[in-house]
Amino acid sequence: SAWPWALELLGRLHRVALPPDIVTYNSTLAACAAQHRWRTALALLAALLAPGRLVVPDIVTFNTAMSVCSRARRHLHAARLLAEMPASRLRPDVISYSCAFGGAEQEGQL
């Protein structure tokens with residue numbers, strides 16, 4: 001699986017003072033999502049949301065994190081991320097709502 005390698009690469013970029021951009025973070029999140037690593041994805045998003053970060057999460061960042069939570073049946077986490085988007089000056093789109101609530105709807109939880 002690619003997610004451990006993606007996290008290692010992200011760490012290496014920091015160590016060699018080559019700042020990763022949002023594409024690097026989103027690719028790492030996607031690798032976590034592919035392996036249903038929802039805790040790792042949430043930790044990565046939390047690191048991005050920490051004060052003083054130069055890289056700002058975008059809508060893809062949140063949608064990917066919500067998608068991995070939804071696939072892992074962590075619907076409350078996905079809904080919380082959706083609610084946090086405006087604080088990051090992001091406006092949820094139809095993909096955001098689908099990522100946040102699609103899994104819950106399919107399981108009859110809505």
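**Exercise 1. Check the length of helix H3 (residues 38-49) against its expected span.**

Start with the rule: the expected span is 1.5 Å times one less than the number of residues. For the twelve residues of H3 that gives 16 Å, and the end C-alpha atoms are 16 Å apart, so the two agree. Helices here are DSSP runs of H or I with at least four residues, strands are E runs of at least two, and numbering goes from the N terminus.

Before going on, note that this is a predicted model: local features need pLDDT of at least 70, side-chain atom pairs count only at pLDDT 80 or more, and totals for chains, interfaces and linings use all residues. Residues are numbered from 1 along each chain as its sequence is written, and side-chain values use heavy atoms, with hydrogens and water left out.

**Exercise 2. List the buried residues of H3.**

Buried means under 20% relative accessible area, exposed over 50%, and partly exposed in between (1.4 Å probe, protein chains only). In H3 the cut-off picks out Trp38, Thr40, Ala41, Leu42, Leu44, Leu45 and Leu48. For the protein as a whole, 43% of the 110 residues are buried.

**Exercise 3. Work out how H4 (residues 59-71) sits against H2 (residues 22-34).**

Step one is the geometry: the angle is about 10 degrees and the axes are 9 Å apart. Axes are lines fitted to C-alpha atoms, for helices over the stretch in contact, and angles run from 0 to 180 degrees between N-to-C directions. Step two is the label: under 35 degrees counts as roughly parallel, over 145 as roughly antiparallel, 65 to 115 as roughly perpendicular and the rest as oblique. So H2 is roughly parallel to H4. Step three is the contact (heavy atoms within 4.5 Å): H2 brings residues including Ile22, Leu29 and Ala33, while H4 brings Val60, Thr64 and Val68 among them.

**Exercise 4. Do the same for H4 and H5 (residues 75-84).**

Here the angle is about 165 degrees, with the axes 7 Å apart. The pair is therefore roughly antiparallel. Among the residues in contact are Phe62, Met66 and Cys69 of H4 and His77, Leu81 and Leu82 of H5.

**Exercise 5. Is histidine 36 buried or exposed, or in between?**

Look first at the backbone: phi of histidine 36 is near 60 degrees, a positive value in a residue other than glycine. Next, find its place, the loop between H2 and H3. Finally, the relative accessible area is 44%, so histidine 36 is partly exposed.
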